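Walk through this structure with me, from one residue outward. We will take strands, core and empty space in turn.

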Amino acid sequence: MFDTIIMKTCPVYPNLESVAAEKIAYLDKGTTYKIKDSQIPFIKYYDNSRTLVLQVSIPKFLYGNNVTILQEKDIPLFFQRLHERLYELFQIEMKTEDWSGTERLDVCWNFQVGYLVSDYVREIHKLKLPYMKPYSYGHLETAGHKNDSKKTMFYDKQIQCRDTKEPQEVIEQARGILRMEIRPSYKEMKKFSSKRHAVDLLTKEFFIQMAEAALKPIQFTEPIEGIPFGWLESQPFDIYQIEKALAFKLLQSQFTETELKQLYRSGTYDNRRGLARRITFPSQTKLAPLKIDYANLG
């Protein structure tokens, strides 16, 4: 449902003596402290406004990775463990409703599409959406749409896990996952919660609203041309066997069996025909709509 969040609270008076803090002094803005922590990767404290700002991946904080989808029932657990950690660090007591002014909240979902991940990314990149510009990263490993205040992206989660050197079990968990991430605009968050309270935004209702808005304009009407790359990766056959079978099927479409038998030795012809029968090539693959079962959000 959700991944990274940047949120803040004030006024708060943390004890900074027992933590590793980088102190940065500004003449007009007071002193800013950057705090290093193994569990919360980004913490800043502004002493002139008594504001504490933190950035954290909620599923990584709870589960150790962000491939596992956050469930609604675990959101209270997130706040509980977060407040326990902040008390350990700063000896401050926090309440869930203290967190307002959410600056960023990544709405996300995993679509299990098997070997078609790269095909979905390519087709999404082709779409033209109103008031949004298409963009991509890498060799079309990530594609999405954005404007000045909002962006959506879809990417191969397994490739991303490999790039960030996640443990092998996490990489395997991400196999076949098309990841959707939505970064709502300030306006969208403020419309849902006037003060952008984290506890209001980290809800099933806000997730559904953002996911529906992102998925509604995405329609796949045309079949995929050619053979999906993911299909090649998923085959138990070696690439040279696929090449032979594909070439033989092309010849079969152009010549009669009698003509082909004149070109091949009898044993070779039987081998090629047998191989071509064992490999079922996809034909006119059409991408299924991207849907979320909102009844099972945990």
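Start with Thr4, which is buried, with a relative accessible area of 11%. The model is a predicted one. Burial here means under 20% relative accessible area, so Thr4 falls on the buried side of the cut-off. Thr4 sits in strand S1, residues 2-9. Which residues does Thr4 touch, not counting those up to four places away in sequence? They are Gln55, Val56, Ser57, Arg104, Leu105 and Asp106. Gln55, Val56 and Ser57 bring us to strand S5, which spans residues 51-57. Arg104, Leu105 and Asp106 bring us to strand S6, which spans residues 100-112.

Take S5 and its partner next. S4 and S5 pair in the antiparallel sense, over five bridges. They form a hairpin with four residues between them. Arg50 is in that turn, and Arg50 has a positive phi of about 55°. On its other pairing, strand S4 (residues 42-46) runs antiparallel to strand S3 (residues 30-35), with four bridges joining them. A hairpin of six residues links S3 to S4. Ile43 ties the two pairings together. Ile43 is the bridge partner of Ile35, and Ile43 also stands opposite Leu54 in S5.

A general point helps when reading these strands. In a regular strand, side chains alternate between the two faces of the sheet.

Now follow S6 to strand S10, residues 177-183. Six bridges join S6 to S10, and the two run antiparallel. Cys108 stands opposite Glu181 in S10. S10 has a further antiparallel partner in S9, again through six bridges. There, Tyr155 stands opposite Arg179. Is S10 buried or exposed? Six of its seven residues are buried, so S10 is largely enclosed by the rest of the structure.

Thr152 gives a view from S9, the strand in which it is found. Thr152 is buried, with a relative accessible area of 7%. That value is under 20%, so Thr152 counts as buried. Leaving aside neighbours within four places in sequence, Thr152 is in contact with Tyr135, Gly144, His145, Glu181, Ile182 and Ala214. Glu181 appears here as a contact of Thr152, and Glu181 is also the residue opposite Cys108.

Next, the enclosed space. Rolling a probe the size of a water molecule over the atoms shows where empty space is left. How many cavities of 30 Å³ or more does a search of the whole structure find? It finds one. About 40 Å³ of space lies in the largest cavity. Its lining is Asp106, Lys151, Met153, Glu181, Ile182 and Arg183. S9 and S10 each supply at least two of these residues. S10 gives the largest share, three residues. By class, two lining residues are nonpolar, none is polar and four are charged. Asp106 belongs to this lining, and Asp106 is also touched by Thr4.

Turn to the nonpolar packing. The largest nonpolar core has 66 residues. Those with the most contacts inside it are Phe2, Phe78, Leu86, Trp99, Phe111, Phe207 and Ile292. Helix H2, residues 75-90, gives the most to this core, with seven residues. Trp99 shows how far one side of the sequence reaches another. Apart from neighbours within four places in sequence, the contacts of Trp99 include Met7, Leu52, Leu54, Phe79, Leu82, Leu86, Met94 and His197. Leu54 recurs here, as the residue that Ile43 stands opposite. A second, separate core has seven residues, among them Ile242, Ala245, Leu275 and Ile279.

Finally, the pockets. About 430 Å³ of space lies in the largest pocket. It is lined by 19 residues, and the closest to its centre are Val117, Asp156, Gln158, Gly230 and Glu233. Helices H3 (117-126), H4 (157-163) and H9 (229-234) each supply at least two lining residues. The lining divides into six nonpolar, seven polar and six charged residues.

The second largest pocket has a volume of about 210 Å³. Its lining includes Leu129, Tyr131, Asn147, Lys150, Thr152, Phe154, Ala213, Ala214 and Ile218. S9 and helix H8 (204-215) are the elements that give two or more residues to it. Nine lining residues are nonpolar, two are polar and one is charged. Thr152 returns in this lining, together with its contact Ala214.

Note on methods
Residues are numbered from 1 along each chain as its sequence is written. This is a predicted model: local features need pLDDT of at least 70, side-chain atom pairs count only at pLDDT 80 or more; totals for chains, interfaces and linings use all residues. Side-chain values use heavy atoms; hydrogens and water are left out. Two strands pair if DSSP finds at least two bridges between them. On a 1 Å grid over the protein atoms alone, a cavity is a set of points where a 1.4 Å probe fits but cannot get out, and a pocket is an open set with protein on both sides within 12 Å along at least five of seven lines; lining residues have an atom within 4 Å of a point. Grid points are joined across faces, edges and corners, and a volume is the space filled by probe spheres set on the points. Ala, Val, Leu, Ile, Met, Phe, Trp, Tyr, Cys and Pro count as nonpolar, Asp, Glu, Lys and Arg as charged, and the others, Gly among them, as polar. A nonpolar core is a set of buried Ala, Val, Leu, Ile, Met, Phe, Trp, Tyr and Cys residues joined through side-chain atoms within 4.5 Å. Buried means under 20% relative accessible area, exposed over 50%, partly exposed in between (1.4 Å probe, protein chains only). Contact means heavy atoms within 4.5 Å.
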